[in-house]
Amino acid sequence: KVLDGHERGCNWVCFHPSQNLIASCSDDRKIKLWKYTNEVAWEHSTIPGHKNNVSCVVFDEKSNTLISNSQDKTMKIWNYETKVAQQTEKRETDRYWILRATKNGNLLAGGHDNGFEIW
């Protein structure tokens with residue numbers, strides 16, 4: 001299945017761990033949520049809010065949030081149902097590139113131009 005919807009290149013895709021939901025992020029500065037079944041997939045909603053390319057996105061199942069990072073030097077924690085950013089972390093000089101959470105969701109690592117941080 002090809003899922004068209006982003007206006008520019010797609011940088012990252014992840015599956016929700018327990019729901020039929022996919023998140024994708026792109027150089028169009030948007031996060032898109034997609035619903036799917038075994039037969040079909042469709043665009044569900046769009047989350048705007050970053051001011052530059054969105055590099056990575058991951059679900060946090062425990063808190064019903066979606067975490068994204070961007071070349072705008074921010075990491076945002078979203079309520080993916082309301083599409084509202086609950087928290088924003090900003091670096092002064094480094095762009096964020098990648099996110100990874102531990103299996104139990106207790107720690108999150110975010111890679112940026114000069115290394116990475118753990119929350």
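Visitor: Welcome me in with a small puzzle: in strand 4, what is the bridge partner of Ile31?

Guide: In strand 4, Ile31 has Ile47 as its bridge partner. Before we go on, this is a predicted model, where local features need pLDDT of at least 70 and side-chain atom pairs count only at pLDDT 80 or more, while totals for chains, interfaces and linings use all residues. Residues are numbered from 1 along each chain as its sequence is written, and side-chain values use heavy atoms, with hydrogens and water left out.

Visitor: What makes strand 3 and strand 4 a pair?

Guide: Strands pair if DSSP finds at least two bridges between them. Strand 3 and strand 4 (residues 41–48) are joined by 7 bridges, so they meet that rule, and they run antiparallel. Each strand is a DSSP run (E, at least two residues), numbered from the N terminus. These two strands form a hairpin, with 4 residues between them.

Visitor: How many bridges join strand 2 to strand 3?

Guide: Strand 2 (residues 21–26) and strand 3 (residues 30–36) are joined by 5 bridges and run antiparallel. One of the pairings sets Ser24 against Lys32 in strand 3. Strand 2 and strand 3 also form a hairpin with 3 residues between them, and Arg29 in the turn has a positive phi of about 75°.

Visitor: Why does one side of strand 9 and of strand 11 lack a neighbour in the sheet?

Guide: An open sheet holds 3 strands in the order 9-10-11, with antiparallel pairing. Strand 9 (96–101) and strand 11 (115–118) are at its edges, each with a single partner strand, so one side of each is left without a neighbour in the sheet.

Visitor: How do you know whether Thr65 is buried or exposed?

Guide: Buried means under 20% relative accessible area, exposed means over 50%, and partly exposed lies in between (1.4 Å probe, protein chains only). Thr65 has 4% relative accessibility, so Thr65 counts as buried.

Visitor: Why does the sulfur of Cys25 not form a bond with the closest cysteine sulfur?

Guide: A disulfide is a pair of cysteine sulfur atoms within 2.5 Å. The sulfur of Cys25 lies 6.0 Å from the closest cysteine sulfur, in Cys56, which is too far for a bond. For Cys14, the closest cysteine sulfur is also in Cys56, at 7.4 Å, too far for a bond. Searching the whole structure gives 0 disulfides.

Visitor: Why is Cys14 called buried?

Guide: Cys14 has a relative accessible area of 12%, so Cys14 is buried. Cys25, at 0% relative accessibility, counts as buried too.
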